[in-house]
Amino acid sequence: MEDGDGGEGLRHHAIRLPLAVAAMEGSGSEITSNGGPSVSLRQKASSLMASSAAAYRSKPASFWALLALSGGAMLTAFPAASLLSRLYYNGGGQSKWILSWSAVAGWPIPALLLLPCYLFTDASPTWPPSPWLCFWYALLGLLSAADNLMYAWAYAYLPASTASLVAASSLAFSAVFGRLIVGKKNRIGLSTLNAIVVITAGVVIIALDSGSDRYPGITGRQYALGFALDVAGSALHGLIFALSELVFDKYLSNGSGDGAAATRFHMVLEQQAAVSLSAFAFTSAGLAATDGFAAMRREAAGFSAAGGGKAGYAMVMGWSAATFQLGVLGATGVVYLGSTVLAGVLNAVRVPLTSVAAVVWFHDPMSGFKILSLVITVWGFGSYMVGHSSAKKTSGGSSQ
């Protein structure tokens, strides 16, 4: 990632996280005249630790804390939201509109988190927002509503483990859209291309093995529809990441110096609250048009998961709203502090977490092809990280 224009505070793009593999790879060719290594392993380790410490000291502690919290929210809340989506259907839920509505019903969460920022820090509301900013918030809300609906259809017909593996393709879409829309801040190198090809191969393997994990009662056409909408939702996910970064760069860039983390990060909360409210409005209109609010009462009466009944139904809906909102908030924070590609990478990291959890809790079928796809997906992510770190070391740490 490259540095943004102006001396931005927490809005840094050059996140230098040197890896041991990259350090060893970059130094492996240094040979003395007698054929031995030029420096000892202890010296290399000491040099790596020193460079790592210098990289972390180059950013304020609040930057790393917020980046860690944002990434952690993605890696915990998104898998939980995926599992809750499957639990909704297992418990007797049937409406795709209701499930997609629950994903944005938690829009007040970022709005409530804004209050302490305004009350106890120097942060001030971005008010009044420009007409163009309002347009982008409405567009991102519409795209988010469509994305949630696609995923709701996918989880209706696919096991949670399969749906999460297919969703790993969002890394490829994030890389492509990040490069096309945001530009040089999201460079596509050989490691990125390799990861795209490998992860795509994993998705193809799942498609070829579609008959082994189909739920009883799900037809081949429904499975194919869920698969296609899962891929489409992943593409839309990558587009939303890229457009969010564009909005931050073009309309919400901050050229002031370092300061309290909340005085910068409040823009993430503002954007998420506005986009989620917009998505909530679009989804509520669709839910009302399909008589979804009356269907909620009928579903709650016969719900069988999480203790069953209205209490179990409310628990699943409530946790779905909270976990999804926290996951999206974390993703928006990663886009703001890092880049679209970094958000796509972390989005791919959650794949093995969700897949393993789905096998344990829902007893999802885990065929040999699905295990191979999982291994390939993790391999693609690992190759991206190693190659990306090596590229940054070679280019002086300025890529992406």
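Among contacts between residues at least 6 apart in sequence, 84% join residues at least 24 apart. The model is a predicted one, and the protein in it has 15 helices and 0 strands. Of its 400 residues, 54% count as buried.

**Confidence**

- The average pLDDT of the protein is 79, and 76% of the residues score at least 70.
- Helix α4, residues 96–104, has the highest confidence at 95, whereas helix α1, residues 20–27, has the lowest, with a mean of 42.
- Residues 1–37 stay under 50 in pLDDT, and the model has 105 contacts for them beyond four places in sequence.
- The pLDDT is also below 50 over residues 396–400, a stretch with 24 contacts in the model beyond near neighbours in sequence.
- Where pLDDT is low, the predicted coordinates should not be read in detail.

**Surface**

- The accessible surface of the protein comes to about 17,200 Å².
- Carbon and sulfur atoms account for 70% of that accessible surface.

**Nonpolar cores**

- The largest nonpolar core is made up of 46 residues.
- Y88, Y89, I98 and Y313 are the residues with the most contacts inside this core.
- Helix α14 gives the core its largest share, 7 residues.
- A second core, separate from the largest one, has 37 residues, including L236, F248, V268 and V275.
- Y88 can be followed further: leaving aside neighbours within four places in sequence, Y88 is in contact with G93, Q94, S95, I98, L99, E299, F303, Y313, V316 and M317.
- Two of the core residues named above, I98 and Y313, therefore appear again among the contacts of Y88, and buried status is part of what defines such a core.

**Helix α7**

- Helix α7 spans residues 160–167 and is mostly covered, with 8 of its 8 residues buried.
- The buried residues of α7 are A160, S161, T162, A163, S164, L165, V166 and A167.
- Residues of α7 turn up in the contacts of two other helices, described next through T354 and L374.

**T354 in helix α14**

- T354 is found in helix α14, which runs over residues 340–362.
- T354 has a relative accessible area of 0%, so this residue is buried.
- Neighbours within four places in sequence aside, T354 is in contact with P79, S82, L83, A160 and S164.
- Among these partners, A160 and S164 belong to the buried residues of α7.

**L374 in helix α15**

- L374 lies in helix α15, residues 368–394.
- L374 counts as buried because its relative accessibility is 14%, and the cut-off for buried is under 20%.
- Not counting residues up to four places away in sequence, L374 touches L165, V351, P352, S355 and M366.
- One of these partners, L165, is a buried residue of α7.
- L374 and T162 are 212 residues apart in sequence, yet their C-alpha atoms are 9.6 Å apart in space.

**Cysteines**

- The structure holds 0 disulfides.
- C117 is buried, because its relative accessible area is 10%.
- C134 is partly exposed, because its relative accessible area is 38%, and partly exposed covers the range between under 20% and over 50%.

Conventions:
Residues numbered from 1 in each chain as written. Predicted model: local features only at pLDDT ≥ 70, side-chain atom pairs only at ≥ 80, totals over all residues. Heavy atoms only, no water. Helix = DSSP H or I, 4+ residues; strand = E, 2+ residues; numbered from the N terminus. Buried < 20%, exposed > 50% of the residue type's maximum accessible area, 1.4 Å probe, protein only. Contact = heavy atoms within 4.5 Å. Areas by Shrake-Rupley, 256 points an atom, 1.4 Å probe, with all protein chains shown as cover. Core = buried A, V, L, I, M, F, W, Y, C linked by side-chain atoms within 4.5 Å. pLDDT = per-residue confidence, 0-100. Disulfide = S-S within 2.5 Å.
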